[in-house]
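Hi,

Here is the structure I said I would pass on. Have a look at it first, and my notes follow underneath.

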Amino acid sequence: MQDRMSALDLFGKDRLTILGETPLVAETPESLLDDDTTPIARFFIRNNGLLPERADDREAWRFAIDGKVKHPLDLSVAELKSRFPAKTFRMVLECGGNGRSFFEPKAEGNAWTNGGAGCAEWTGVSLRDVLYAAGLEDTAFFTGHFGADPDKTGSMERQAMSRGVPIAKALEEHTLLAWAMNGEPLPFIHGGPLRLIVPGWPGSVSQKWLKRIWIRDREHDGPGMTGLSYRVPVHPLPPGFDGKHAETRILESMPVRSIITAPAHGSSYEAGTRTITVRGAAWAGDDAVTHVDCSIDGGTTWVPAQMTPPRNRYDWVRWAATIELPGDGYYEIFARATDSHGRAQPFRAVNWNPNGYGCNVMHRVAVRVGEVS
Ligand SMILES: Nc1nc2c(c(=O)[nH]1)N[C@H]1C(S)=C(S)[C@@H](COP(=O)(O)O)O[C@H]1N2
Ligand SMILES: [Mo]
């Protein structure tokens, strides 16, 4: 217990739930994601290897672009800042395994509830500005990302994780080389001095402690790109199936999700309470959220939520709904978001896959009004 406290205290974290100690993995209970911008103290942590050495001089941190480019670049953070225009966007970062614990039977990996996500203001330069300066060759097809963290055994021979994205995703304006989070120098645990933010896709493509981007003429094949890693079956599998021989595709955009951030699960209200304000957040990977609805009767009837417009693409929407209660008793509040393709969250996770990616089953909180006997 003592160790658990200190691992999170060390990084200034406030009441996160530890899912793994080495590598350190911690999620944020949904009710602590009630801020419009997730404070650093409440932002989830996901590591796949050990932590790298801390860099004393952030501005001197170097990062390279090589491979299928006309002019390979090797730049310090100071040079990045002086050569390219800085941008700030508020964007969701979400682990590909977020929601995994709701799969039945249990899927392999960290048992995330819905707290493997947060929405922060990221400041940096668009990766595309730097790629244009390097000059992409015609054969440039995919990126390969390299960080400074050793793998679980402490070795640098193999990357803890090295994923990549198709060039089109790398060339989106919102794909950033980021050095600040919520206006502060990017914290070490979140990849400082420099990380990638590739919004809308599994967090694993947002390399922390970024040292190098290799531009390739084929799909990248680093750790996290092969086997069943971050891949989902093309044809739905029966739950529990081993899936080793299934045809799979890379998980790209994350599915639509909403979370209820207030009331907290298990809240009680005084007898006679007839209205409750429910608050939350919703996001939809590369897509927009078109509406969020709440239900207290298992989806028989729905109440539309009011949404605050996102500040920029990839920001989450904050929403609130006023729920009328017919009387005292026990209620389960469901929230359901719908994306711009008309896809809503399911009641049950029907997209079971061996590694448990993309589970976006509706979030539910239970509340009591008055004495329940
Ligand atoms: N270098 C490096 N980058 C990494 C990882 C890692 O283990 N090493 N984990 C990835 C995964 S799986 C996720 S979900 C996000 C989490 O970012 P955070 O810890 O800042 O929340 O970082 C990604 N970038
Ligand atoms: Mo992740």
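**The ligand site and a few backbone oddities**

In the side chain of aspartate 149, an N or O atom comes within 2.6 Å of a nitrogen atom of ligand 1. That is a polar contact, meaning a pair of N or O atoms within 3.5 Å; within protein, one must be able to donate a hydrogen and the other to accept it, and residues adjacent in sequence count only if both atoms are side-chain atoms. Backbone atoms join in too: a polar one of phenylalanine 44 is 2.7 Å from an oxygen atom of ligand 1, and a backbone N or O atom of serine 206 is 3.0 Å from a nitrogen atom of the ligand. The protein covers 100% of the 530 Å² of accessible area that ligand 1 has on its own (Shrake-Rupley method, 1.4 Å probe; for residues, only the protein chains shown count as cover).

Before you go further: this is a predicted model, where local features need pLDDT of at least 70 and side-chain atom pairs count only at pLDDT 80 or more, while totals for chains, interfaces and linings use all residues. Residues are numbered from 1 along each chain as its sequence is written, chains are lettered from A and ligands numbered from 1 in the order in which they are written, and side-chain values use heavy atoms, with hydrogens and water left out.

Which residues are closest to ligand 1? They are Phe44, Asn48, Asp149, His190 and Lys208, out of 18 that surround the ligand (a heavy atom within 4 Å). By type, the shell has 7 nonpolar, 7 polar and 4 charged residues (Ala, Val, Leu, Ile, Met, Phe, Trp, Tyr, Cys and Pro count as nonpolar, Asp, Glu, Lys and Arg as charged, and the others, Gly among them, as polar).

Now the backbone. Two peptide bonds are worth checking:

- Threonine 22 to proline 23 is cis, with omega near -5°; proline 23 is in the loop between strands S1 (17–20) and S2 (25–27).
- Glycine 192 to proline 193 is also cis, with omega near 10°, and proline 193 lies in the loop between S10 (184–185) and S11 (195–197).

Strands here are DSSP runs (E, at least two residues), as helices are (H or I, at least four), numbered from the N terminus.

As for phi, asparagine 182 is not a glycine yet has a positive value of about 50°, in the loop between S9 (176–181) and S10. Tryptophan 209, not a glycine either, has a positive phi of about 45° and is found in the loop between S11 and S12 (210–216).

Cheers
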